[in-house]
Amino acid sequence: MADFSRVRKRIIYSIVALGVVDVAAVVYLALPLRAGSAQPEQVNAQAEEEYRRFSHTNVPLRGIDQKLAQAQKDDASFIERRVPSRYSDVVAELGKLASANQISIASVNYASTPGELPGMLNLEMHAGLAGQYVNLVKFLNAVERDKMFFIIDSIGLTGQSGKGGQPAGYVHLDVKVDTFLRAQS
């Protein structure tokens, strides 16, 4: 009988040991503690991050052919409507703005250089302006808002005088204005 009790104890120890191994195996399979289960999650997370990064950089390129065609139409329209083709158009526009704002243009020097765009000339004008301060400000605002494309590059005060018959507030300015001339079609 002693042998049966010894054999029974070995069988019970074996069953308990196998039960512990089974519980450990179930825990191992159920919980993501092993490297194999964590790896697909990392791969998935990396793939999602890469997708977000590439889709974010790719969004501005969607429909680029239509955007380029529209930009070319807008460019041609801008040049046609806002860039003059003759010097006389520029002179007439500046004269109209000066008379509307009660200032006088004492002198204007023009210098033109070939533009960076084909069929365009850069036109630089240095003008001596005289008038009441408020009128000069209104003139400069009108130049900036005019339908013709002007860029006020610099403004310099050349003199102010309340003597010699000129009323107080009379100002002399030297203004540099840039614009462009398009080739006549």
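Let me begin with a term: a residue is called partly exposed when its relative accessible area falls between the buried class, under 20%, and the exposed class, over 50%. Tyr110, at 37% relative accessibility, therefore counts as partly exposed. I shall return to that residue shortly.

The structure above is a predicted model. First, the overall architecture. The chain contains 5 helices and 4 strands, and their order along the sequence is α-α-α-α-β-β-α-β-β. The chain has 185 residues, of which 21% count as buried. About 13,400 Å² of the chain is exposed, and 60% of this comes from carbon and sulfur atoms. As for contacts, among those with a separation of 6 or more, 66% are between residues 24 or more positions apart.

My main subject today is the aromatic side chains. How many aromatic pairs does a search of the whole structure find? The search returns 3. One of them joins Phe78 to Phe149 in an edge-to-face arrangement, with 5.4 Å centre to centre and 75° between the planes. This pair links distant parts of the chain, the two residues being 71 residues apart. Phe78 belongs to helix 3, residues 64-82, while Phe149 sits in the loop between helix 5 (133-145) and strand 3 (151-160).

Are these two rings buried or exposed, or in between? Phe78 has 27% relative accessibility and counts as partly exposed. Phe149 has 23% and also counts as partly exposed; the limit for buried is under 20%, so Phe149 is not in that class. Phe78 and Phe149 also belong to one aromatic cluster, together with Phe180.

I turn now to Tyr87 and Tyr110. Their ring centres are 6.3 Å apart and their planes meet at 80°, so this pair too is edge-to-face. Tyr87 lies in helix 4, residues 87-100, and Tyr110 in strand 1, residues 104-114, so the pair ties together parts that are 23 residues apart in sequence. Tyr87 is partly exposed, with a relative accessible area of 39%, and Tyr110, as I said at the outset, is partly exposed at 37%.

Where else do these two tyrosines appear together? Tyr87 and Tyr110 are members of a nonpolar surface patch that also includes Val91 and Leu121. Together, the four residues have about 330 Å² of accessible area. Membership of a patch requires over 30% relative accessible area; Tyr87, at 39%, meets that requirement, and so does Tyr110, at 37%.

To close, Tyr87 and Tyr110 form an edge-to-face pair and also share a nonpolar patch on the surface, whereas Phe78 and Phe149 share an aromatic cluster with Phe180.

Key
Residues numbered from 1 in each chain as written. Predicted model: local features only at pLDDT ≥ 70, side-chain atom pairs only at ≥ 80, totals over all residues. Heavy atoms only, no water. Phe/Tyr/Trp six-rings, centres within 6.5 Å; stacked < 30°, edge-to-face > 60°. Buried < 20%, exposed > 50% of the residue type's maximum accessible area, 1.4 Å probe, protein only. Contact = heavy atoms within 4.5 Å. Areas by Shrake-Rupley, 256 points an atom, 1.4 Å probe, with all protein chains shown as cover. Patch = residues over 30% accessible without salt bridge, like charges linked within 9 Å, V, L, I, M, F, W, Y side chains within 5 Å. Salt bridge = Lys/Arg side-chain N within 4 Å of Asp/Glu carboxyl O.
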